[in-house]
Each structure stands twice: as C-alpha cells, then as structure tokens.
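Open your viewer and take a short walk with me through this model. I will suggest what to select at each stop and tell you what is there.

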Amino acid sequence: MWPGACGAHGAWWLLAVRLARPARGEMELSLAEAMPGPVLPPCENGEIPLEEECPGTFWRAYAARLFAARAALFVSPAVAVEALGELLLEATTPFSGAFACPGAIVSSFFALARLLALQRRWRRSLAMLHLGFIFVRDRGFSECSTWPAQGWDVMLAGQALTERVRLLDDESVLSTVSRGFRIDGLRVAVVTICAYAEDAPVRVLCHQNRQLYKMLHGYDVHFFTDASQIDVNIDSQMDVKDGVHKPFFWKVNAVKNVLDTGKYDWALWMDCDAFFMDPGRTIDSVIHMYSANRSIASRLPVGPGVPDQDVASGWHELAEGEASLILAVDSTGINNGVWLLKNSNWSHRFLERWWRSDILSGPGKEHNCSDQSTMLHALLYERAIQLNQTWDSFELPIYPPEVRVARQEHLQSFHAATAQTALSRAWQDGDFIKHHPGCHYYKVPCQQLYQEAQEIFWNKVVLSQTLAAGGVGDASGEQGEAKKGDIKKNGMGALEKLLGSQPLWAISGDQGQATQRSPDIHGFTRWSTALRYWKDEKLMAKISKAPNPTPSGAT
C-alpha cells in the first residue's frame, strides 16, 4: 500500500506531479515539493498472493463471493446489488473488523457504487463510494493490489458522481444571497486549534488571519494553542487528555465546549491551515444560503396522495429536518477541516456519537485520518447500507436531513496540489476559505503557501478599505494586483491613519443589531505590527531554515 496523506486521500503523488498546475494566484510549487511520495517500481499484480494483503481463509472466501456478486450483473442488476449489499453488511459488522483487509472493502464499495449508478441511484452510489474512501485514507491505494479497484477509476467515479449530485443539491441553495449578508441577532463563533510552537509560521499567520477577519465582521474567535486550554466536558465525557483520542479529535471537545456556553447559535470550525480569503464574505451568508430553505432537493412528487410508505416517510423527514451541519465534500468524501455546526439538540448528540465512535478500535486503530473517517461513518453508514430502492427512485437524501452539503467555494477549496490529487476544487479568487490539507506545516513550500494566502487576504482588506474610504466601493472580491505597489508604497501607517479617521465597516456590538462604529484602531495597529514582523526578514529567515519539529498538537 502507498501511504495515505490525510486530506490528500491516498498516494496519487506520482500522477499529480505530472498533471498538477497551480491555481491562479498560487505560487509555482510542484506537488513533489509539498507532499513528496515514494517512487515505486512497476508491479505485476498477478504475482501477489491474496494472503499477502489479507491473511486468513475468510478473505479468500470473500474474494470468491465478491467476484460472483459482481458477475451477477449479467443476470440482473438488482440481483447483483442485493448480493453485494449483503456481502458488505457482513464484512462491515462490526465495522472495525473490515480494516483487516482494506482492499477487499474498497473494491466492494466501488463495485456496489457502479451498480447503483447503472440504476441511476446517484445519491446512494456516491455515498457508497465515499464510505469506501474511509479505507483508502487508512493506507492509501495500492496499484499492485489483486482486488478489483484501481485508484484512478475510483477517483474519476467520485469526481463524476460528486458533480452530478451537486447539481441536485444546488436546487435547494439560495444562491442569490449577498456576500455581506447578516442575520439580525445571529451569534457565531470561529473555533480553531493551533497547537504548534508559538513562533511556528502557520500559527502566527493563522492567528493574524482570524483576528483580521474578526475585526472586519465582529465574530468571536476561540483560538486554542494547547490541550490544557480545552476543558474536560464532564456531561459528555470528553477529555482530550484521555490517552485514547488523537489530537485530530480535539476539535470535537473544543466545539462542544464552545456551544455549551449558550452564547452562540452556530460555530465555524477551521483547521489551523485554513485561511479566510474573501474579506467581504460573512459567515452569516453561508449559513443563510444553505439553511434558509428547510427542505433538501429531491424528486418527490408534488401534490396529494403519496404512492408508498417510504415516500411518505421521506416527506415527513424532509419537512422536519432543520439544517444543523453544513459541510463540503470533495470527490473522495468529507474533509472536515472546515464545517459549520448549529447549537441544536441534534448537533450535541452528533458530537457525542462522533467522539464515542469505536470503528477504529481494531485493525484500524492507527488510521491516518481517524477524525474524518469516524465523522463520515457516523453520518452515512447506517442510512447508506439500507439500499432502499424506492427511497432512491426519488433521490431522497442519504445524509441525515440536518446535514447540508455546500459547494467547496462557499466553505473550503484546496491548495492546488491536494486539489489535483483529490480531483476537487483548487482555490480560486473569490472563494471564501483556502485550506491546505496534506501540506505539512513544517515544510518550506507549505509555509510559503500559508504566507501567500494571508498576504492575499491582507491586500484585499487594504484595497477594499482604501476604495471604500474614497467612495469607490467594495473590492474585496478582487486580489488587487494592480494596487499592490501603491499599498506597499504607502505602507501600513497610511492605512492606520485612514482607519482612525472614520468608520469604514459595520460591526455588530454583541452580534445583535448591526451598528456602525470606528474599528479598534489600537488592535488594528497591533496586528499591523505583527504583519510587519511576518513580512520581515526574521520570520522569512525562520521559514528558510525549515526546521522539522515534532507535532505538538492538533491541526
């Protein structure tokens, strides 16, 4: 198996090095620099005994049943779907045991997804494919495997299905919501854990990014830098120092604690390597865009008289569902570096279920992406494995009705290298947040990408405020390349003087009614000074030395 990179979703490094092109505005870095992978010799999979991948007689018998189930397609697609469904249910009960042979399970989910797609059951087909990627993330693809699932085929299927299902999801999205939209009285917290050294570039730049966005829009920021800052949640029995949960899971405890304060209606979780990129986009606008329409798009009939009890159940579920979780998916499933969670009963139950997941208690205990895989399993597995054909005929949702799937540009798009490996969206100018999954914080190319992201955001803020002061209007959706020289020429002092002279943006006092007041010029001055430090030779010298410290906490 090739080693999987959490967020890169498998070892597609060699292919991506040949194909990757940086997104517009992103510096020219090869994927090999950002995420170097092994150069493996060609293989002849016919020479690899099955027992070498999956020891034990169970998996040899499983292989025979898998090939027989796939061959049942020539009898009837329905027969093949039923046979594969029964096989998968057996192999994933308990789910933790399936990690003993990832190749077999990936192949089974992929085979079932293809059959479901032949029946035009798009949502369930994509759900099966994404469940299969839980096992890819564990060890990565093996192109030398004897199991019938080659990485490129699975990736292309994921890309095509994601696009098809997204078109259906878009029908329930309020796409006309303005970027600066605010919901009267809505209280939102931004939560991030950045448990690295105090002077680590990613921590310094991330903190600046959060504080600048906070000053623009008035959102509270909870920025944790150490496990000791995340209190034990006694009622939910969450403790990041329990010796069981990896740092990936600290986010669950942290978000639960923030919501338990009762001060917030929603929490936005952002990984330390995720950066706000559009200063004009509010979090409220994304929430409203994906939650204001209570029902999820489907093909349920309109009008009186429902033809089936399952359809009646679908009507009831959609009518009762209230958006509580907004997340983005890419071709390979959930990347939980950025997501929105409402302070609802459903959300609290979900966080507890996610924290207590035991699917990695067996052979998968060293899973590379444990938080993402357990999240995906908690949301999808029980609903996906049911294989209800009537339900699928109306394209009813497989995710719980409380979940809304956002477009990547509205929540998180990736840096170019990971976007290429995951066949997903690379950050483009105008996207809300840029995330750098799979790019290690201690590597020089990744540190340069963090720096570039924050500099783009900073220049947008400077340009938009300068133009607003001159009555030109909002330019936050543009990079402002033409103005960069003027900004650097005038320096930070000119901006500070400008900000001190008049109120340039509306900030909600306690996130209640929108009121206009002068920004905190002293706070802004502090961050201007910090940004000077960030750009000067001290930090650049630190970046160029490229230390490789041991990770001190969650990302």
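Start by selecting helix H9 (residues 201–217), which lies across E1, E2 and E3 and runs at about 165° to E2. Helices (H or I, at least four residues) and strands (E, at least two) are DSSP runs, numbered from the N terminus. Contact means heavy atoms within 4.5 Å; axes are lines fitted to C-alpha atoms, for helices over the stretch in contact, with angles from 0 to 180 degrees between N-to-C directions.

A word on what you are viewing: this is a predicted model, in which local features need pLDDT of at least 70, side-chain atom pairs count only at pLDDT 80 or more, and totals for chains, interfaces and linings use all residues. Residues are numbered from 1 along each chain as its sequence is written, and side-chain values use heavy atoms, with hydrogens and water left out.

Now show the sheet beside H9. Its six strands form an open sheet with mixed pairing, in the order E2-E1-E3-E6-E5-E7; two strands pair if DSSP finds at least two bridges between them. Strand E2 (220–224) and E7 are the edge strands, each pairing on one side only. On average, neighbouring strands here are turned by 25° against each other, direction ignored. Zoom in on strand E1 (residues 188–193) and strand E3 (residues 266–270): they run parallel, joined by four bridges, and Val-188 has Trp-266 as its bridge partner in E3.

Next, pick helix H13 (residues 345–355). H13 lies across strand E5 (325–330), strand E6 (333–342) and E7, at about 140° to E6.

The second sheet is open too, with three strands in the order E4-E9-E8 and mixed pairing. Strand E4 (274–276) and strand E8 (413–414) each have a single partner strand, so one side of each is left without a neighbour in the sheet. E8 and strand E9 (residues 433–435) run parallel, joined by two bridges; select Ser-413 and its partner in E9, Lys-434.

Which residues lie nearest the centre of the largest cavity? Select Arg-123, Val-165, Asp-169, Tyr-399 and Val-405, from a lining of 24 residues. Helix H7 (122–139), helix H8 (151–169) and strand E7 (403–406) each give two or more residues to that lining.

Finally, colour by pLDDT, the predictor's confidence in each residue, from 0 to 100. The chain's mean is 79, and 72% of its residues reach 70 or more. Over residues 471–555, pLDDT stays under 50, as happens over residues 7–25.

Note on methods. On a 1 Å grid over the protein atoms alone, a cavity is a set of points where a 1.4 Å probe fits but cannot get out, and a pocket is an open set with protein on both sides within 12 Å along at least five of seven lines; lining residues have an atom within 4 Å of a point.
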